[in-house]
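User: I am new to reading protein models, and I would like to understand the reasoning behind the labels that are used for them. Could you take me through a few?

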Amino acid sequence: MQEHEQNHSNSNSTKPTLISCQGCGKPTGQDLCCPQCVKLGRTSFFCSQQCFAQNWPTHAELHKLIQQQQEIARQARIQKENAELRIKQMSNSQSPTAPPSSSSNNPISSTTSPTFQSSLSPSSS
């Protein structure tokens, strides 16, 4: 791997971006990234596998915090969506489904309501 890095740096005039190792803080490249962090949508880079292993107990706590934060955000999103749905349902139930029209445009007068007679109702004879 060392030879590959040398050939890569010679063929490219720009230097690789160095960042701080999440374990020891030393400058490092972006070669060793925690796979669990990637699954959680973030990146944490380490200078070596040994540094990653040595710092695992502390770093694993970070995963727990990220998961808790994501769960809080998810719950907040659900609460917001539910509140918006309740508001929409309330506004739909308070307003009529069709706006009232004037009686001049309506062939059935608003004072006259149609009556329905069921064929099942007993006759008065």
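Analyst: What follows is a set of questions about labels and the values behind them. This is a predicted model, in which local features need pLDDT of at least 70 and side-chain atom pairs count only at pLDDT 80 or more, while totals for chains, interfaces and linings use all residues. Residues are numbered from 1 along each chain as its sequence is written, and side-chain values use heavy atoms, with hydrogens and water left out.

User: Why is Thr28 called buried?

Analyst: Buried means under 20% relative accessible area, exposed over 50%, and partly exposed in between (1.4 Å probe, protein chains only). Thr28 has 9% relative accessibility, so it counts as buried.

User: Which residues does Thr28 touch?

Analyst: Leaving out residues up to four places away in sequence, Thr28 touches Thr17, Leu18, Ile19, Ser20, Cys21, Phe46 and Cys47, where contact means heavy atoms within 4.5 Å.

User: Why is Cys21 not bonded to Cys51?

Analyst: A disulfide is a pair of cysteine sulfur atoms within 2.5 Å. The closest cysteine sulfur to that of Cys21 is in Cys51, at 3.6 Å, and therefore too far for a bond. Likewise, the sulfur of Cys47 has its closest cysteine sulfur in Cys24, at 3.7 Å, which is too far for a bond. By this rule the count is 0 disulfides.

User: How do you know whether Cys21 and Cys47 are buried or partly exposed?

Analyst: Cys21 is buried because its relative accessibility is 5%, whereas Cys47, with a relative accessible area of 31%, is partly exposed.
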